[in-house]
Amino acid sequence: MAKIYGDALPNLPWQEKPAGWQYPVWRYDGNPVITRDNLFMANSIFNSAVVPYGDGFAGVFRVDLRSRDQVLVSGKSADGIHWTLDERQIFEGYDPRLCLLDGKYYLSWVNLTPHGTTIGIAYTEDFTSWTQLEDACYPVARNGVLFPRKINGEYCLLIRPCDRGHTPYGDIFLSHSKDLTYWGKHRFVMGPVKNWEMTKVGAGPTPIETDLGWLMYYHGVITSCNGFTYAMGAAILDRDEPWKVLHRADSALLQPHTDYEFVGDVPNVVFPCAALTDAATGRIAIYYGAADTAVALAFTTVDDTVDYILKNDLIK
Ligand code: BMA
């Protein structure tokens, strides 16, 4: 078994792979797990982040309100499936990621400024009070994803520079910081290669440390005559120099396939933002936004994912 470096999480939400299923990722049969009905005045609740917290789980959720303001709220769950969301708005913006780093829960998200979107960074210890740091870059960028530990003494952030609209391009970069305030040493990580991700790519959940390298799930976008289609890919980054891509699957591991991924405010979107891992068993539970409308859950194991990447490896 490929080894996940991390804690055991015996209570992570889990279902076994259905008999006969050939792909490396399979869906929870009770999907979607969070819908607009989870919060009064929500138009939609989708691309959202969760982490283990206490005996259960905590999360930060992207809520587009009925006013279509884009806000983040927190929530708690005992089992990772049934969630209670707090109506209090934490920040404006969207597409949160959560990362346990130096004993605190760091939130990175698409922060809205008058000059375009940038990467907001804040931390909490209790999911009630938050301390916001400086934005990690000037506009325009999205998909800011922190690594869960310093690498060679520096914090690392994946980031996707973009434009002010529905950007028709996009590569993943990595920036370094000694203090989570000043960011530099910007490195190119990867751009689109295959057709399924030809328009743009952006990092997804907090990277998962394994003995092979950092397992990075990401979204890739293809433009058809009907608009964008978002699917989930995976790559393995070097543990010490994480801008180096060691392995990368040539095709999506999860792509729109079910009604709740096909139908919604933005059809054909699978947008992963969080992954829970159980280092003892190699199990991984991935939370993803479905059609910009709901949050869905999918499962894999580190071996299912790594085998797929290595069998379909773009990096020779
Ligand atoms: C991106 C972001 C995501 C969204 C996706 C599909 O640009 O806005 O939040 O899921 O588009 O609409």
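**Exercise 1: Aromatic rings**

Find which residues join Tyr53 in one aromatic cluster of this predicted model.

*Solution.*
Step 1. Look around Tyr53: the cluster also holds Phe91, Tyr105, Trp109, Phe127 and Trp130.

Step 2. Set the cluster in its wider setting: the structure holds 17 aromatic pairs. One of them is formed by Tyr53 and Tyr105, with 5.6 Å centre to centre and 70 degrees between the planes.

Step 3. Classify that pair. Planes over 60 degrees apart count as edge-to-face, and Tyr53 and Tyr105 form an edge-to-face pair.

Step 4. Ask what the pair connects. Tyr53 belongs to strand β2 (residues 42-53) and Tyr105 to strand β8 (residues 104-113), so the pair ties together parts that are 52 residues apart in sequence.

Step 5. Check how covered each ring-bearing residue is. Tyr53 has 22% relative accessibility and so counts as partly exposed, while Tyr105, at 12%, counts as buried.

**Exercise 2: A second ring pair**

Work out what kind of aromatic pair Phe147 and Trp214 form, and which parts of the chain the pair ties together.

*Solution.*
Step 1. Start with the geometry: the centres of Phe147 and Trp214 are 5.1 Å apart and the planes are at 90 degrees, an edge-to-face pair.

Step 2. Place both residues. Phe147 sits in the loop between β11 (141-146) and β12 (155-161), and Trp214 in strand β17 (residues 213-224), so this pair links parts that are 67 residues apart in sequence.

Step 3. Decide on burial. The relative accessibility of Phe147 is 1%, so Phe147 is buried. Trp214, at 0%, counts as buried too.

**Exercise 3: Charges over rings**

Which ring does the charged end of Lys104 sit over, and which ring does that of Arg187 sit over?

*Solution.*
Step 1. For Lys104, the ring is that of Tyr123, with the charged end 4.6 Å from the ring centre.

Step 2. For Arg187, the ring belongs to Trp243, and the distance to the ring centre is 5.2 Å.

**Exercise 4: An open sheet**

Name the edge strands of the open sheet of 4 strands.

*Solution.*
Step 1. Write down the order: β11-β12-β13-β14, with antiparallel pairing.

Step 2. Look for strands that pair on one side only: these are β11 and β14 (184-190), the edge strands.

Step 3. Add the twist: neighbouring strands here are turned by 30 degrees against each other on average, direction ignored.

Step 4. Zoom in on one pairing. β12 and strand β13 (residues 172-177) pair antiparallel over 5 bridges, and Leu157 stands opposite Ser175 in β13.

**Exercise 5: The nonpolar core**

Which element gives the most residues to the largest nonpolar core?

*Solution.*
Step 1. Get to know the core: it has 27 residues, and those with the most contacts inside it include Ile45, Phe61 and Trp83.

Step 2. List the elements that give two or more residues: β2, β3 (56-65), β4 (70-77), β5 (83-85), β20 (270-278), β21 (283-290) and β22 (294-301).

Step 3. Pick out the top contributor: β3, with 4 residues.

Step 4. Look at Ile45 more closely. Beyond its neighbours within four places in sequence, Ile45 is in contact with residues including Phe61, Val63, Leu85 and Val295.

Step 5. Note that a second, separate core of 25 residues includes Ala249, Leu254, Ala279 and Ile286.

Here is a general idea to keep in mind: in soluble globular proteins, nonpolar side chains tend to be buried together.

**Exercise 6: Strand β4 and its partners**

Is β4 mostly covered or mostly uncovered, and how many bridges does β4 form with β3?

*Solution.*
Step 1. Count the buried residues: 6 of the 8 residues in β4 are buried, so the strand is mostly covered.

Step 2. Turn to β3: this strand and β4 pair in the antiparallel sense over 8 bridges, and Arg62 stands opposite Leu72.

Step 3. Follow Leu72 to another partner: Leu72 stands opposite Phe91 in β6, and 2 bridges join β4 to strand β6 (residues 91-92), running antiparallel.

Step 4. Finish with β5: β4 and β5 pair antiparallel over 3 bridges, with Lys76 opposite Thr84.

Step 5. Visit the turns. The hairpin of β3 and β4 has 4 residues between the strands, and Arg68 there takes a positive phi near 70 degrees. The hairpin of β4 and β5 has 5 residues between its strands, and Gly80 in the turn has a positive phi of about 80 degrees.

Definitions and conventions:
Residues are numbered from 1 along each chain as its sequence is written. Side-chain values use heavy atoms; hydrogens and water are left out. Rings of Phe, Tyr and Trp (its six-membered ring) pair if their centres lie within 6.5 Å; planes under 30 degrees apart count as stacked, over 60 as edge-to-face and the rest as tilted. Buried means under 20% relative accessible area, exposed over 50%, partly exposed in between (1.4 Å probe, protein chains only). A charge sits over a ring if NZ of Lys or CZ of Arg is within 6 Å of the ring centre and within 35 degrees of the ring normal. Two strands pair if DSSP finds at least two bridges between them. Axes are lines fitted to C-alpha atoms, for helices over the stretch in contact, and angles run from 0 to 180 degrees between N-to-C directions. A nonpolar core is a set of buried Ala, Val, Leu, Ile, Met, Phe, Trp, Tyr and Cys residues joined through side-chain atoms within 4.5 Å. Contact means heavy atoms within 4.5 Å.
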